[in-house]
Amino acid sequence: MAATNLLQFRCYYNNVKPNLLLPPLATWQQQQRTTNLFGYEFPKKAAVKVTCNVLEKHVIENGRSVVEEEGDEGGIKRSYTCVMKFGGSSVASAERMMEVAGLVMSFPEERPIVVLSAMGKTTNKLLLAGEKAVSCGVTNVCGIEELSFIKDLHLRTVDQLGVDRSIIEKHLEALEQLLNGIAMMKELTKRTQDYLVSFGECMSTRIFAAYLNKLGVKARQYDAFEIGFITTDDFTNADILEATYPAVAKRLHGDWLADPAIAIVTGFLGKARKSCAVTTLGRGGSDLTATTIGKALGLPEIQVWKDVDGVLTCDPNIYPKAEPVPFLTFDEAAELAYFGAQVLHPQSMRPAREGDIPVRVKNSYNPNAPGTLITKERDMSKAVLTSIVLKRNVTMLDIVSTRMLGQYGFLAKVFSIFEDLGISVDVVATSEVSVSLTLDPSKLWSRELIQQELDHVVEELEKIAVVNLLQNRSIISLIGNVQQSSLILEKAFRVLRTLGVTVQMISQGASKVNISLVVNDSEAEECVRALHHAFFETEFSELQIGYTNGNGSVPKSS
Ligand SMILES: Nc1ncnc2c1ncn2[C@@H]1O[C@H](COP(=O)(O)OP(=O)(O)O)[C@@H](O)[C@H]1O
Ligand SMILES: N[C@@H](CC(=O)OP(=O)(O)O)C(=O)O
């Protein structure tokens, strides 16, 4: 049987025009950002010229699809095959780096791009060192405990891995100089803060790349801000700009073709478009770095390696009986992250969703665990509740119209006040003359709200409404199949009634995957444990009375 070429490609074509001579059945859908033409059959000599990043050429031989290294027409070549992101917990020590190196090497058929976070708690320590430098005086900088900790950790790791200290010594010197500068200025701007924390990722990636090279696995280190990660100038919480995708694809793909090597890229970092200074993508931003690379190169899979067996049914710090969730949709994962599950960066699902690239959340401490697979769609026919998420320390506002404005005018005015003040709102419930909503003063991916700003919001709103400011509230988000909302709500309210908890606000939103309940901070954790018990640990149809301790509380797990 004559061999037939099947070409699979995900083509990023914002700035490139593919010149395809396709058989008539293949239509190029211009409205889609990425296109997967897997399955289109080409005659053997189909002329295909694509000036984009990654292609995979399948040749059908004896009914089997075989991937060829490179195509014969149009210079089609394949570079990297997957992106693997390892978080701080996965690379916290020399021992952990050895394990991660072993993991990377255990997929010899893959050509990965590895995205790393800073080692362990380095980012927190750098932030603390910066804060201390502001007030400790130049002569005391060298005595800052966190600086010594960071130096010890990184030098010890380098020594234990048997790589040359020189790969990070310059960074350690520059870090101390920067802290001296902060001490001298007695000021730590957001821009300087981003530069300060960037040392964490810059050092972890250099150490890891040097270690792989020492093992004989060719690796090349990259600082994300040098290879096309272009962001807004919103220091500490920058957004990735579209120009990033073609730039990153060009650089990584081009380098591979010129000189193949595993790429080791700093997570979390970018370069501000206007000022050209180093930016960060918000805490936990390395997940976003990984999904951005995945989309840029049109990779078949994005792996995010953590210290848990995947996305769990709730935060294991609240309830250790949390179980891994095997499958999630991008929408569910995004909602979960946005509403406070620390496991994924809130923006990280966006590139994966746009590129339609599956994200696998795995445990670097337990690689055999299946983890969580996040895709565009999944079978929801049996799905009810997927995960419970808690967001603490939320501020709630009850705003009741004084009827100076009509219904439309009232809601429009309320939201224009928030827009003018640049404050984002999470959960909203409205009626004709009132609106209840939540603000998050501790948002890490947005600017911090301080009391003064809250007072200002209330002052503005009081011009048209009676306002009640309620602090120390929590949002409990029930992520799941909102088609089953009656069932979920019935069960949830039975649990909360048993606990004697009053729900102060409820919102289903437009997301179709999330029902949010607002309760007092002081009751929230107990609610999560009880809800978890009811939804995930009892027969679904029956809410067992008697799972509490008799005093209404669920047994705290050890
Ligand atoms: N629903 C959840 N599923 C999994 N982990 C969660 C969840 N909610 C909170 N977490 C916490 O998130 C942590 C993993 O996220 P993170 O610390 O950012 O990992 P890494 O640093 O490895 O990227 C877990 O150790 C766990 O404590
Ligand atoms: N080091 C950064 C970025 C990051 O993504 O870290 P992690 O993968 O450990 O959550 C932070 O602590 O925020």
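# Exercises on a chain and its two ligands

The chain folds into 13 helices and 23 strands, where helices (H or I, at least four residues) and strands (E, at least two) are DSSP runs, numbered from the N terminus. This is a predicted model, in which local features need pLDDT of at least 70 and side-chain atom pairs count only at pLDDT 80 or more, while totals for chains, interfaces and linings use all residues. Residues are numbered from 1 along each chain as its sequence is written, chains are lettered from A and ligands numbered from 1 in the order in which they are written, and side-chain values use heavy atoms, with hydrogens and water left out.

**Exercise 1. Describe the chain as a whole.**

Step 1. Take burial: 53% of the 558 residues count as buried, that is, they have under 20% relative accessible area (1.4 Å probe, protein chains only).

Step 2. Take contacts, meaning heavy atoms within 4.5 Å. Of those between residues at least 6 apart in sequence, 74% join residues at least 24 apart.

Step 3. Take the surface: the chain exposes about 24700 Å², and 50% of it is supplied by carbon and sulfur atoms. Accessible areas come from the Shrake-Rupley method with a 1.4 Å probe; for residues, only the protein chains shown count as cover.

**Exercise 2. Describe the surroundings of ligand 1.**

Step 1. List neighbours, which have a heavy atom within 4 Å of the ligand. There are 16 residues around ligand 1, and Lys85, Ser89, Asp307, Leu312 and Asn317 come nearest.

Step 2. Sort the shell by class: six residues are nonpolar, six polar and four charged. Here Ala, Val, Leu, Ile, Met, Phe, Trp, Tyr, Cys and Pro count as nonpolar, Asp, Glu, Lys and Arg as charged, and the others, Gly among them, as polar.

Step 3. Find polar contacts, here pairs of N or O atoms within 3.5 Å. A polar side-chain atom of Asp307 is 2.7 Å from an oxygen atom of ligand 1, and an N or O atom in the side chain of Gln342 lies 3.0 Å from an oxygen atom of this ligand. On its own, ligand 1 has 570 Å² of accessible area, and the protein covers 87% of that.

**Exercise 3. Repeat the steps for ligand 2.**

Step 1. The residues around ligand 2 include Lys85, Gly87, Glu201, Phe268 and Arg283.

Step 2. By class, this shell has two nonpolar, seven polar and three charged residues.

Step 3. Thr123 places a polar side-chain atom 2.7 Å from a nitrogen atom of ligand 2. A polar backbone atom of Gly284 is 2.8 Å from an oxygen atom of ligand 2. The protein buries 84% of the 340 Å² that ligand 2 exposes when taken alone.

Methods
A polar contact is a pair of N or O atoms within 3.5 Å; within protein, one must be able to donate a hydrogen and the other to accept it, and residues adjacent in sequence count only if both atoms are side-chain atoms. Buried means under 20% relative accessible area, exposed over 50%, partly exposed in between (1.4 Å probe, protein chains only).
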